[in-house]
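Okay, thanks everyone, I'll keep this short. Let me put the structure up and then walk you through a few spots in it.

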Amino acid sequence: MATQITDAAAWQAIANRSHALGDHDAADDAQRRALAAAATDPELLAAGLALVAGDLPVAERALKARLKRDPFDVPAIRMLAELAARIGRLGDAEKLLRRAVELAPQFHAARHNLAIVLQRQGKAADAMAQVEHLLAIDAEDLDYRILAGAVLVRLGEFDRAVTLYDALVAQVPGQPKLWMSLGHVLKTVGRQDDAVAAYRHAIGLAPQLGEVWWSLANLKTVRFGADDMAAMRSALARSDLSEDDRFHLDFALGKALEDARDYPASFAHYLAANDRRRAGLPYDAGDTSAGMARQAALYTREFYAARAGWGCDAPDPIFVVGLPRSGSTLIEQILSSHSQVEGTSELPDLMALARSLGVGEPYAETVRGLDASGARRLGEAYLDSTRVQRKTSRALFIDKMPNNFLQTGLVHLILPNARIIDARRHPMGCCFSAWKQHFARGQAFSYGLADVGRYWADYARLMAHFDAVLPGRVHRVIYERMVASPDDEIRRLLAYCGLEFEASCLNFHENDRAVRTASSQQVRQPMYASAVDHWQHYDKWLTPMRAALGSLLDSYPDV
């Protein structure tokens, strides 16, 4: 038994560290091995071994049968939570881990798992509370400190995160993913030269680490030289390269060759990267179309007429929505340069709130069943959950999660005085830019040329529905118009938000706030038009995208 427990502790340490460093596949494998090694009786051992083997139905049946006999079996509860997390049921995993910690408050591994699951769901404040509990027990634990760094970034505590990551790379200087994490937060706060140095240091430690090459490419302002491209090609030639490293390298080489104007080779690498990424993601364009159609069917003129005056009347939020790579970060930078507006980046809170109402038709039934007080409470719940992100006393704040366009109907119901700004860009330019961008999470639609085109079309139709149902409710910013006539468009934008014109909004590139998105370096420069038609270099390969967009291409921007 002692050997089993020692092995379990060792596997758990590997799992914790792998997850904190972003190596989720290694973390999941080590977690399953830790659970199996910790089992001290045949039934738990069998369930643990099934988890290690990836035989999840067998593990689930065994664990549920055990917990039916003994609902207080903490190791079994934790195993079932691991299984739930592996199949994406993070809410179920959270409930199970909270139960385990309630039954066994000193079960630190379960509390650490709970903090990770909370972080994965975007519940950063709750995650930090768990991490702080663990750090109070052992302030020097490397795994707890690494997780704390990730949570601090999510909370917008960037200066604290930089200090912590500086200390971590000093403590374990040979860990490339820590250097990469340091590079991420340095990029966010605008210290580009330091970010590049951190990324380069990580590459020196692990030249095959595809994510750090992509992180450099994703700065958008770094140009790779011949030596860099040779190093990436050498890494791609390795037989032991993981799929994750391989598609990151292909994305990075695609960008390097695009900058070198070798468009055929660039497209080949972008295509390889997207195909690999798409293969590992469950995505059904038909399900997406059906989901948007359900939104339109639910939120009608009659629906809102019956609920006039509902919701929380706070005017604080400004939602900037649309598709990724449509200019939403530019809009956020412009608005956050105003003395009355705070930028808080892409917040997961509204999407989490929507998920709590159900999925598919159950969501519609729940929304239809709300009364006035329920709608008001939902609006207040959103404001409460986002308060941790507000670092200033400015009257308004921006939530720049693009996918919130899907929640346009819900926003009007629960926050009728919130502003909604739809960032829109030429569909070919937007779709191509999203397709050649690797996103850390979400955006599964973006890895297929036809899928991303169909998604843009579905989005445009849904927003046209809300234009008809709620005339004037959504303010649309056309990227090409903003670039061509910034003074006029910025004045229109501020007027929609009820704000007086301030010259600082024209000089948005001088704003030194932290920016988390892929456009973080671009919005620190004056507005430029060079990317407006950049997709045309690749036009001959974009037939599936063009076909999916169909007649909407001819009617842009008046879709």
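So, when I say helix or strand today, I mean a DSSP run, at least four residues for a helix and at least two for a strand, numbered from the N terminus. And keep in mind that this is a predicted model.

With that, let's go to Arg-325, which sits in the loop between E1 and H19. What is the phi of Arg-325? It's near 70°, so a positive value, and this is not a glycine. As background, most residues other than glycine have a negative phi, and most peptide bonds are trans. Arg-325 is also buried, because its relative accessible area is 16% and the cut-off for buried is under 20%.

There's another one like that to look at. Gln-443 isn't a glycine either, and its phi is positive, about 55°. You'll find Gln-443 in the loop that links helix H24, 427–435, with helix H25, 449–469. Is Gln-443 buried or exposed? Buried, with a relative accessible area of 12%.

On the peptide bond side, have a look at Tyr-556 to Pro-557: that bond is cis, omega near 10°. Pro-557 belongs to the segment that follows helix H29, 552–555.

Now the sheet. It's an open one with five strands, in the order E2-E3-E1-E4-E5, and the pairing is parallel. Which strands stand at the edges? Those are E2, 341–343, and E5, 474–478; each has a single partner strand, so one side of each has no neighbour in the sheet. On average, neighbouring strands are turned by 25° against each other, ignoring direction.

Going inside the sheet, E1, residues 317–322, and E3, residues 396–399, run parallel and are joined by three bridges. Pro-317 is placed opposite Phe-397 in E3. Helix H19, residues 328–336, packs on this sheet and touches E1, E2, E3, E4 and E5, with its direction at about 140° to that of E2. Helix H27, residues 486–496, packs on the sheet too, touching E4 and E5, and its direction makes about 165° with that of E5.

Last stop, Gly-183, in helix H11, residues 176–188. Gly-183 is buried, with a relative accessible area of 0%. Which residues does Gly-183 touch, leaving out those up to four places away in sequence? Ala-195, Ala-198 and Tyr-199. From Gly-183 to His-201 is 18 residues in sequence, and 9.5 Å in space, C-alpha to C-alpha.

Note on methods: Residues numbered from 1 in each chain as written. Predicted model: local features only at pLDDT ≥ 70, side-chain atom pairs only at ≥ 80, totals over all residues. Heavy atoms only, no water. Buried < 20%, exposed > 50% of the residue type's maximum accessible area, 1.4 Å probe, protein only. Contact = heavy atoms within 4.5 Å. Pairing = 2+ DSSP bridges. Axes fitted to C-alpha atoms, helices over the stretch in contact; angles between N-to-C directions.
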